[in-house]
Number of protein chains: 2
Amino acid sequence: LLHAAKVDRQAPILTVQYMFFKRVHIFGVGLIGGSFALALKRAGLAGHIAGSDSEKTLEKALTAGIIDEPCKLDSVRALDNSDLVYLAAPVRAIIHFLETDAKFIKPGALITDAGSTKREVCRAAREGVPQGAGFVAGHPMAGSHNSGVEYARADLFEGASYAVVIEPQPGESNSGASRTLIDVVKAIGGVPVLTTAEEHDRVVARSSHAPQLLSTALALAVSKRGGDMARLSGRGFLEMTRLAMSEWSVWEDICRTNADEIAAALAEVIGETESLVDRLKGGDLAGIGDRFNLARRFAEQLHRPGRSKGQQ
Amino acid sequence: LLHAAKVDRQAPILTVQYMFFKRVHIFGVGLIGGSFALALKRAGLAGHIAGSDSEKTLEKALTAGIIDEPCKLDSVRALDNSDLVYLAAPVRAIIHFLETDAKFIKPGALITDAGSTKREVCRAAREGVPQGAGFVAGHPMAGSHNSGVEYARADLFEGASYAVVIEPQPGESNSGASRTLIDVVKAIGGVPVLTTAEEHDRVVARSSHAPQLLSTALALAVSKRGGDMARLSGRGFLEMTRLAMSEWSVWEDICRTNADEIAAALAEVIGETESLVDRLKGGDLAGIGDRFNLARRFAEQLHRPGRSKGQQ
C-alpha cells in the first residue's frame, strides 16, 4: 500500500515509502479493536499485533487469530516498541490510559483512539502524550447490535464514516500523524470525515447520544402505563425502544464526557415535540402536516441508498 | 372451521355450525384489506370477495386473485347482500362510510374495520350502522414498511396482536358479532386482544402515535443543525428517524381522531426527557443510570423472543 511518494529534489531517484506498522498494540480488543486488528492484517498494514484486555477476551482473540500476543492490562512495557497504538476501550479507560500510560509510547509512533466522545480524550492526550509521539483522535461510525470480540470482522469499517479529529496543533508531528491515520482509514475501507473535537461532540450528541436517551425516555414513559401496553405495540414502537436496551456501562462514560451537548440536543428535541403538542391541542393539523413533511424530506435524505452505511 | 357448537336441548341431535361468509366486501384493498382477503380465502372462510378502491388498485387486486369482483367506490348496491364488510381504508374514509353507506348493509351481516383509532370510528358506527347489523371495531397490529395491495399476503396477521373492541352495548347482536370477529381473527392466525375504544386509543397513543411524532421531532431538531450531521450519523440514528419517513396522509387522520391522547402521551415523554436533561446538567450520573437501567429492563421484556410479532 502506497503511503506517500516522497520526491527528493536533490536526488535523481524517486523514493516510494510504504505504510507498514511492524508492531501494533490494541488496547481493548472488543468489536472495534478486534475488527481493526483484522482489517489491518487484511490490508497488509501490520506485522505483529499485541492486545490488552481481560484474560478471557484475550484468549478468544488469540484463538481466533485476531491478535498474535496477549498482554495484561497493567503491562505497559509492550508499548515502548509499538509503532501503532489503537485505543478501543470505553472513553474513561482511554482517558486514563492517555493520562497514565501514554508516556511509555516511543517517539514516532502513531497513537489513535476509537472513543465515542472527543473533547475529553483530546484534553487527556494534550496532557499525557509525550512530545514526538503523534496522537490523532478518531471515531469509527461502525458497529452492530452485537458487541464483543466474537463479532469482530475485517470488513466492519467498509463504507462507514470514520471521524478523524484535526486539531489546530503546533508542530509538524501531529499533522503527519493525521495524514497517516487518514491513509489507514482509507486502507481499511472507511470514509474519513475530518472534524474537530468540538464539532464531533456537538454532532454526535444530536445524531447518536440524544436518540439514545430519547429511546430511554420513551421506554420509561410507556413502562409507567403498565403491562397492557405491550399487547398493542407495533413494529414502530419496537424500533423506537431498541436503543433503550443499550448497556449503561457504555453510556455512562458518554454522558459524563458530553453532558452539556447532550443536554442541549435533548432540549432541541423537547422544543420540537412541544411545538407538535401545542398544535395537537389547538387542532392545527395543517401546522403538524407542514412539520411532518419537513421531517420526512430530511429523513428520506438520510436514508437514501448510497449514503455511508453509517453503522453505530 | 368450527364456529360454534349449538346444542338444541329440545332435539336429540347436535347441530354444528360452520363459519362461512358467502359474500365479503373489502372497502379499501391495500396492504391490510388485501391481506385480509387472502387470509380469509386461505382459511376457507370466504366465498365471493368484492372490493372497492381506486380503479388502478382494483385492477392489481383482481389480477393477483385477491378479489373476485371490483366495485366502484361509489357503488353501494354491492353491500346489500354482503355477509361480511371489512373497512380497511384510512380512518376518515371509514368514518364517512359508517355515517353514509353503512345503512345499506343487510341485517345479520358482520361489519368490522381496521382503522388506527377507535373512539371516533365507534361513535360513527353508533350513529350510522342499522339495528340488526353487527358492527365490531378492530385494529390489526400488523403491517410492514411497505403499503399497497402489491405487498398483501395471506400470512400478514399470523402471530400478530389484533385489537377487538368490546363495547358495552345493549342487545345480543353485537356480542354475537364480537364472538364472530374473534373467531375470524383466530382463524387467520391473529391473537385477539379484547379492549375498549378508550383503552385502545390511550394505549396506541403511547405505543404507536407518540413514537411516530417523536421520530418526526427528532428529525426536525437535527435537520435544523445543517447537513454535516448526516456524515456522522450512526445506525441508531437511522433507526430512530425511520418512522419520520411515514406518509402524512395516513397520520393526518390519526392525529385528528386521537389528538388528546397523543398530546398526553408526548407530554409524558417530554417529562421523562426533561428529567434526564436536569440530571445531565446537574452531573447526577447515578440518577441517569437508574433510569437507563429501568428503561432497559422494560425494553428487554418488550423485545424478548416469543412475544407477539407485533408489526405495525
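A residue is called buried when its relative accessible area is under 20%, exposed when over 50%, and partly exposed in between, using a 1.4 Å probe and protein chains only. Helices (H or I, at least four residues) and strands (E, at least two) are DSSP runs, numbered from the N terminus. By these terms α1(B) is mostly covered, since nine of its twelve residues are buried.

This is a predicted model, in which local features need pLDDT of at least 70 and side-chain atom pairs count only at pLDDT 80 or more, while totals for chains, interfaces and linings use all residues. Residues are numbered from 1 along each chain as its sequence is written, chains are lettered from A and ligands numbered from 1 in the order in which they are written, and side-chain values use heavy atoms, with hydrogens and water left out.

**Helices of chain B**

The buried residues of α1(B) include B:Leu31, B:Ile32, B:Phe36 and B:Leu40. The expected span of a helix is 1.5 Å times one less than its number of residues. The table sets two helices of chain B against this rule.

| Helix | Residues | Expected span | Span between end C-alpha atoms |
|---|---|---|---|
| α1(B) | 31–42 (twelve residues) | 16 Å | 16 Å |
| α9(B) | 259–282 (24 residues) | 34 Å | 34 Å |

A glycine with positive phi comes after each helix: B:Gly44, at about 70°, stands just after α1(B), and B:Gly283, near 70°, follows α9(B).

**How the two chains are related**

Copies are superposed by least squares on the C-alpha atoms of residues with pLDDT of at least 70 in both. Chain A falls on chain B after a rotation of 180° with 0.0 Å of shift along the axis, and the RMSD is 0.0 Å. The two copies are thus related as by a two-fold rotation axis.

**The interface**

Contact means heavy atoms within 4.5 Å. On this basis 87 residues of chain A are in contact with 87 residues of chain B. The copies meet through the same surface, because 100% of the interface residues of chain A are also interface residues in chain B.

Buried area is the accessible area (1.4 Å probe) that two parts lose on being put together, summed over both. For chain A and chain B the figure is about 8700 Å², with 71% of it on carbon and sulfur atoms. On the side of chain A, the residues that lose the most area to chain B are A:Leu232, A:Arg235 and A:Phe292, together 10% of what that side buries.

A salt bridge is a side-chain nitrogen of Lys or Arg within 4 Å of a carboxyl oxygen of Asp or Glu. The rule finds four salt bridges across the interface. A:Glu239 and B:Arg242 meet through their side chains in a salt bridge, at 2.7 Å from N to O. Among the elements that give two or more residues to the side of chain A that touches chain B are β9, α6, α7 and α10 of chain A. α6(A) supplies the largest share of that side, 20 residues.

**Two single residues**

B:Arg296 is found in helix α10 (residues 285–303) of chain B. Its relative accessibility is 15%, so B:Arg296 counts as buried. Leaving out residues up to four places away in sequence, B:Arg296 touches A:Ala244, A:Met245, A:Ser246 and A:Glu247.

A:Gly47 lies in strand β4 (residues 46–52) of chain A. With a relative accessible area of 30%, A:Gly47 is partly exposed. Apart from neighbours within four places in sequence, A:Gly47 is in contact with A:Phe20, A:Phe21, A:Lys22 and A:Asp68. The C-alpha atoms of A:Gly47 and A:Pro211 are separated by 40 Å, and the two residues are 164 residues apart along the chain.
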